[in-house]
Amino acid sequence: MRFIHCIFIVLLFSQILNGQQISINGSIWDAQSHMEISYATIEIEGTSLKVNTDKKGRFEIITILKGEFILSIKAKGYGVKRLPLDISINELKLGRILIEKDVSIDQNDVLITLNDTQIIDEELDGGSLGMLTATRDVFLNRAAFDFGQVFFKVRGYDSRNGNVLINGVLMNKLRDGRPQWNNWGGLNDVLRNQDFYLGLRASPYRFGGLLGVTNIDTRPSGLRPGFRFSGSFSNRTYSGRIMASYTSKRNKGNFIYSLAASRRWAKEGFINGTLYDAFSIYAALEYQFNTNNNLLFTGILSSNRRGSSSAITEEVYQLAGNRYNPHWGFQNGYYRNSRERKIMEPIIMLNYYGKYGKLGINVGMSYQFGNFSKSRIGYFNAPNPEPTYYRYLPSFYINSPIGANFLNADLAKKAFLLKPQLDWENLYRANSINSANGMAAYVLYDDTIKDKQLTLNTNFNIKPNEVISIDMNLSFRNTISNNFAKINDLLGADYHADIDPFSNTRNDVNGQLEKAKGDIFNYNYTLNYQEFDAFAQMSIVKSKWNSFIAANYTYSTYQRTGNFLNERFPENSMGKSNPVQFSNYAIKGGFTYKLNGRQWISTNGMLLNRAPLAVNTFINPRENNAIVPNLNNEKITSVDINYFTRFPNIIGRLTCFYTRFQKLTDINFFFVDAGVGSDFVQEVITDLDKLNMGIEMGLSYQLSSSVNLSAAFALGKFIFASDPNLAINFDTAGDEDDLITIEGTKDLGIAEIKNYKLPTGPQTALSLGVDYRDPKYWWISTKINYLSDNYTSISTIRRTQSFYLNPDTAQPFDNATPANVARILKQNPMDDIYLLNLVGGKSWLLNGKYLSVFVSINNVFDTDFRTGGYEQNRNGNYGQFVKDNLSGSPSFGPKYWFGYGRTYFLNLALSF
């Protein structure tokens, strides 16, 4: 009964708000071919008024609004056209409106190659570049195409904070919260139909995150019918690409379909040894029962194999340069990378779209399955095969505890320069000659994640009138994730003994000791994730103001099932863990005040509680069921204030934002020589706070019909905002005298990291650009970029009291005063970066066929620059850290990722 009363009140309110109606009409045509454009979107900016053109390109908007506004015209494959409107009469006839092809379509292909670089290294977050392909925002466009090559993150947020949907179905992984762009990579032509809602703004699909919501719509009816073929050449992540797509017209049976396929390849990319081998296949079939009821099937298969690179120390950079990659070597004259990443996780999706009067509904079901593997070399009672292992470099001899040995350092330098790459032949030789009874000393294996995910999703959109909108969503996701190590290559050996070499204990007590190629070894467990999400939102759009309020409820559960009985953890390695459950609420709202039809201000706020990630819930899931004690939900508080201007020749946005993350948990794995002892540990950081605040600005000025000037600026302050607690965990299977504690855990207390900078990419960025578009359909653009305040990730364990302790005496080092420790642990920014980028293109209309060419050159002056890095954790006590740094060339100095030098991208496309 209460529900009926609420609906009655909403409908009554909608009738009161109705007033005198005004008609705005016209038609949309292609400026080059002079043909009408169907299904173009016509929108009055700053309002919820939006219509589509019919088959003959005609449109009509009925409104009660009066005053000065901007009419925005968008069509697939065309640039946005903006016209000033003065709504003061009962009918406004705009006549024939001409729009031109969008030159940024080919530029989006460049963005995909930039996004690829951010997911080559497993330590890096993919960032938010992929989300920004759907936005026309000046700042976000610059963040994607120019700042992105330096791993810039919008507002310092990682990609977990943005929701990526396909047909309303959430694609972010439950494991780490991030979207896996490889799952649909190489299908740009058929996935261009996207809606993007920035930041805390209202979204009709989901509650959203700090970065907003992107929805990819695969309906063939939203694509232009016809064929498109393109070929690309580049020296970035891949060297060649071919892509073809076809979308049919609606036939008599009311079926429409789209097909697409692509192939991308490279013997190596800009970074040495980074092979690339990928293909993608796409099919979408839409059946239209009538104009208001559609059924959509979507299938996506994308396979991606690539060679990884790694961060390197300053010492290695000076020896080998910014393109050096230690993970590859020649085998029988061919490149072979030991750190290959293989991803193939097909997506099958079924959607129903219905329109019932003022109610729109989207019911979706998605099933995704497949493998994600990362290979590496395991070595057992044998030397580390990596050519950059610290014992093989000159600094090892210079920093020797018995005194510097410059002769051996020089010999080590010559040996490295003579053979800087991985020696595959030596690994086979060690396994065939030095190994006893055919047992492997070296094994190439794959860390594999095999997921199966079912998603059910229902979205409701109710629009009683042009003033009120109500959006609701219900979704359920269930993931079964098998995690295991699988032997890829025994490298000439007969078998591998599945024993931990440090403790001489078995990893799989109930299984065979001797493992062969294709066998699972080392670890084997299953994680089950379940999530239920409910979202409701109400928006009001008036002539002078807009507002919305949204609420969200999420229930999550994680559970581990161990499939191996691990001898080091006999009590809690096998079988099911206790389920970990989280129940969370969130609320956000926003208000916009329109100064006039061309300027407005808005503010948005959000309070969000969310579950910690599964990877930060189980301390060491490869070996046992242990869960982080007193695990907390994460709390996020965020607010932004925005100023927008939309004059016919000037578009701009200025945003101030403030976000605080509280009660975060983070788990890391590494070997450390700490003040309390040495071991391979799991570092558990709890009660961690972060603060992200700053401003961002984007401005575009149309100087003439051919020349556009633009600028983008960001200034951020992204810091740790608390001193968290840190504990380390380790196994206790070794000699008791060598253990840090016999309990297998040690609380190191507070880590003093408050006010240290976050490793979120450059915190200051500036870009100036000039674009020229000639009436004869060629164009060129240049961007000058400056980026600074980029910091490496700090070693948290060094900021605990353990760092002060001498591990031999358990007493503080004599010189380990707070002042000395603060001096040697001071965080310094990486060098400032200056980059010049050029892009250009031309298009032709030849007998009804469009031919276009696009060229981009990034980093024109071939500048060397660091994009990120991290402090190594090995030197975990003051004495060892000081000795290692005395020479100025530490063995365990920070490791850095380096950006690309001068790169190019050439694309040729034919469409008809």
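This section describes the nonpolar cores, a buried helix, the salt bridges and the aromatic contacts of a predicted model.

The largest nonpolar core comprises 58 residues. Within this core, the residues with the most contacts are Phe139, Phe147, Phe152 and Ile728. Strand S35, spanning residues 650-674, is the top contributor and supplies six residues. Leaving aside residues up to four places away in sequence, Phe152 touches Phe139, Ala143, Phe147, Ala714, Pro762 and Ala765. A second core lies apart from the largest one and holds 25 residues. Its members include Ala493, Val580, Phe618 and Leu631. In soluble globular proteins, nonpolar side chains tend to be buried together.

Helix H3 covers residues 138-145. Seven of its eight residues are buried, and the helix is thus mostly covered. The buried residues are Val138, Phe139, Leu140, Arg142, Ala143, Ala144 and Phe145. Two of the residues in H3, Phe139 and Ala143, are also touched by Phe152. Asp137 caps the N-terminal end of the helix. A side-chain oxygen of Asp137 lies 3.0 Å from the backbone nitrogen of Phe139. Asp137 also takes part in a charged network. There, salt bridges with shared partners join Asp137 to Arg155, Asp640, Arg653 and Glu696.

Gln149 follows in the loop between H3 and strand S8 (162-166). The relative accessible area of Gln149 is 11%, below the 20% cut-off, so Gln149 counts as buried. Its side chain makes a polar contact of 2.8 Å with the side chain of Asn837. Lys776 is 627 residues from Gln149 along the chain. The C-alpha atoms of these two residues are separated by 31 Å.

Salt bridges were searched for across the whole structure, and 31 were found. Side chains of opposite charge can pair when their charged atoms come close. Asp533 and Arg206 form one such bridge, with the closest N and O atoms 3.5 Å apart. This pair links distant parts of the chain, 327 residues apart. Asp533 belongs to strand S29 (residues 520-541). Arg206 lies in the loop between strand S10 (194-198) and strand S11 (212-216). Both partners are buried.

Lys515 and Asp498 form another salt bridge, and their closest N and O atoms are 3.3 Å apart. These residues are separated by 17 positions in the chain. Lys515 is part of strand S28 (residues 514-515), and Asp498 sits in the loop between strand S25 (496-497) and strand S26 (499-500). Lys515 and Asp498 are both buried.

Asp217 and Arg219 are bridged with closest N and O atoms 2.7 Å apart. The two partners fall into separate exposure classes. Asp217 has a relative accessible area of 11% and is therefore buried. Arg219 reaches 23% and so counts as partly exposed. Arg219 has a further contact, with an aromatic ring. Its charged end sits over the ring of Tyr353, 3.8 Å from the ring centre. Lys588 is placed likewise over the ring of Phe207, with its charged end 5.1 Å from the centre.

Aromatic pairs number 39 in the structure. The rings of Tyr238 and Tyr276 have centres 5.6 Å apart and planes at 65°; the pair is therefore edge-to-face. The two residues are 38 positions apart and link distant parts of the chain. Tyr238 lies in the loop between strand S12 (226-234) and strand S13 (240-247), whereas Tyr276 is in strand S15 (residues 276-290). Both tyrosines are buried.

Phe330 and Tyr335 form a tilted pair, at 5.0 Å centre to centre and 50° between the planes. Phe330 has a relative accessible area of 45% and is partly exposed. Tyr335, at 27%, is also partly exposed. One aromatic cluster unites Tyr389, Tyr390, Tyr392, Phe396, Tyr397 and Phe892.

Terms used: Residues are numbered from 1 along each chain as its sequence is written. This is a predicted model: local features need pLDDT of at least 70, side-chain atom pairs count only at pLDDT 80 or more; totals for chains, interfaces and linings use all residues. Side-chain values use heavy atoms; hydrogens and water are left out. Rings of Phe, Tyr and Trp (its six-membered ring) pair if their centres lie within 6.5 Å; planes under 30 degrees apart count as stacked, over 60 as edge-to-face and the rest as tilted. Helices (H or I, at least four residues) and strands (E, at least two) are DSSP runs, numbered from the N terminus. Buried means under 20% relative accessible area, exposed over 50%, partly exposed in between (1.4 Å probe, protein chains only). A charge sits over a ring if NZ of Lys or CZ of Arg is within 6 Å of the ring centre and within 35 degrees of the ring normal. A salt bridge is a side-chain nitrogen of Lys or Arg within 4 Å of a carboxyl oxygen of Asp or Glu. A nonpolar core is a set of buried Ala, Val, Leu, Ile, Met, Phe, Trp, Tyr and Cys residues joined through side-chain atoms within 4.5 Å. Contact means heavy atoms within 4.5 Å. A polar contact is a pair of N or O atoms within 3.5 Å; within protein, one must be able to donate a hydrogen and the other to accept it, and residues adjacent in sequence count only if both atoms are side-chain atoms.
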